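User: I am new to this structure and would like a close look at a single topic, the pairing of charged side chains. Please take me through it slowly, and then on to the surroundings of the residues involved.

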Amino acid sequence: MFFGGFPGMDGPGGKSGGRGNSKPADTTKFYKLLEVDKSASDAEIKKAYRKLAVKHHPDKGGDPETFKEITRAYEVLSDSEKRAKYDKFGEEGLEGGGGGGDPSDIFDAFFGGGGRRGGGGGKKRQKTKDVVQPLKVTLEQLYAGTTKKMAITRSVIDKKKGVTECRSCDGRGVKVEVVRMGPMIQQMQSTCGACGGQGRSFSTIKEREVLEVVVQKGSTDGHKIPFREMADEHPDADTGDVVFVCQQQEHPVFKRKGADLFVEKRISLVEALCGFSLDITHLDGRKLLVKTAPGEIVRPMDAGFDPLAEGEAKKEWEVFEDSDCPTSTT
């Protein structure tokens, strides 16, 4: 980007007309860019910028260079001190040519973060990445509930050293170099290598934490147990979460379908015709006896025996008190 600075011109407080052949400073360019008079009030300048910024924003199909120019003009004219210097000395009277910040940042600050996102409100603060960890649990643990202690290691900000402003870029995150090329001045902006463009310097340390993960009674496979703000820390972002996901292990006897438990049992033809009894150890350790009456025929794939269901109560079955886990036999 080029600015109209000329060698030999005095800065603010000096004599702008010291030489008889020096060209008068242009103090109208920024007003023309915003299409306002030099006597325009702060409210008029703000209103003009709002209209032109929306019209020329690159996301709306506008010209990026025009957007940069009108944003730079607003940055100067909206600041009473900068405006006074500009009215007296023009662009040459401003340090660094009148700005050089990111036009999108100024636009977002003006519109409350709605420039690129198309909505109102402030910028949404970023969040560090969530840590998702599988938690292996048995069917017994899901049935009765359990508590497990899990150790995690995360990066946290070293509070002893704290977060300091980058000395290399003075907290701006960018470095600006002014290069004079003959009668012109070129301003070059680059990301600060010392802080990686963050503007701040900080140190992190590893911290080990032991979390008590409570698996509620009746939890399902895939149930998520979050620990808020326990992931890695960053000074410019909210801390993410650690999420444990229940991973049910296969059981040698029971199969779970929703809120029900099923048992598959192979029986002989004699047992199917003449009756049988089946001992089952429930998930909570209780002993259950399932017994069919003599002469009651069990057909292949019969299922859904419920001793408390209507019409079934007279069958000679001994079962546990709560029938929330029906047993099926085949």
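Analyst: Glu207 counts as partly exposed, because its relative accessibility is 29%, and this value, like everything that follows, was computed from a predicted model. Glu207 forms a salt bridge with Arg154, in which the closest N and O atoms are 3.6 Å apart. This pair links distant parts of the chain, since Glu207 belongs to strand E8 (residues 204-215) and Arg154 to strand E3 (residues 146-157), 53 residues apart. Arg154, for its part, is buried, with a relative accessible area of 8%.

Arg154 also meets the side chain of Glu209 in a salt bridge, again 3.6 Å from N to O. Here too distant parts of the chain are linked, with Glu209 in strand E8, Arg154 in strand E3, and their positions 55 residues apart. Glu209 has a relative accessible area of 22%, and is therefore partly exposed.

These pairs belong to a wider set, as a search of the whole structure finds 14 salt bridges. One of them joins Lys29 and Glu69, whose closest N and O atoms are 3.9 Å apart; this pair ties helix H1, which holds Lys29, to helix H3, which holds Glu69, across 40 residues. Lys29 is partly exposed at 30% relative accessibility, whereas Glu69 is buried, with a relative accessible area of 17%. Lys29 and Glu69 are, in turn, linked with Arg72 and Glu91 in a network of salt bridges.

Two residues of that network, Lys29 and Glu91, are also in contact with Tyr86, whose other contacts beyond four places in sequence include Phe30, Val76, Leu77 and Leu94. Tyr86 is buried in helix H4 (residues 80-89), together with Arg83 and Phe89. These three lie on the same side of H4, because they cover an arc of only 155 degrees around the axis, while Ser80, Glu81 and Lys88 are exposed on the other side. The buried residues of H4 pack against helix H1 (29-34), helix H2 (42-56) and helix H3 (64-77).

Tyr86 also has a place in the largest nonpolar core, which has 18 residues; among the members that touch the most others are Tyr86, Phe30, Val76 and Leu77. H1, H2 and H3 each supply at least two residues of this core, and the largest share, six residues, comes from H3.

Conventions: Residues are numbered from 1 along each chain as its sequence is written. This is a predicted model: local features need pLDDT of at least 70, side-chain atom pairs count only at pLDDT 80 or more; totals for chains, interfaces and linings use all residues. Side-chain values use heavy atoms; hydrogens and water are left out. Buried means under 20% relative accessible area, exposed over 50%, partly exposed in between (1.4 Å probe, protein chains only). Helices (H or I, at least four residues) and strands (E, at least two) are DSSP runs, numbered from the N terminus. The arc is that of the directions from the helix axis to the C-beta atoms. Contact means heavy atoms within 4.5 Å. A nonpolar core is a set of buried Ala, Val, Leu, Ile, Met, Phe, Trp, Tyr and Cys residues joined through side-chain atoms within 4.5 Å. A salt bridge is a side-chain nitrogen of Lys or Arg within 4 Å of a carboxyl oxygen of Asp or Glu.
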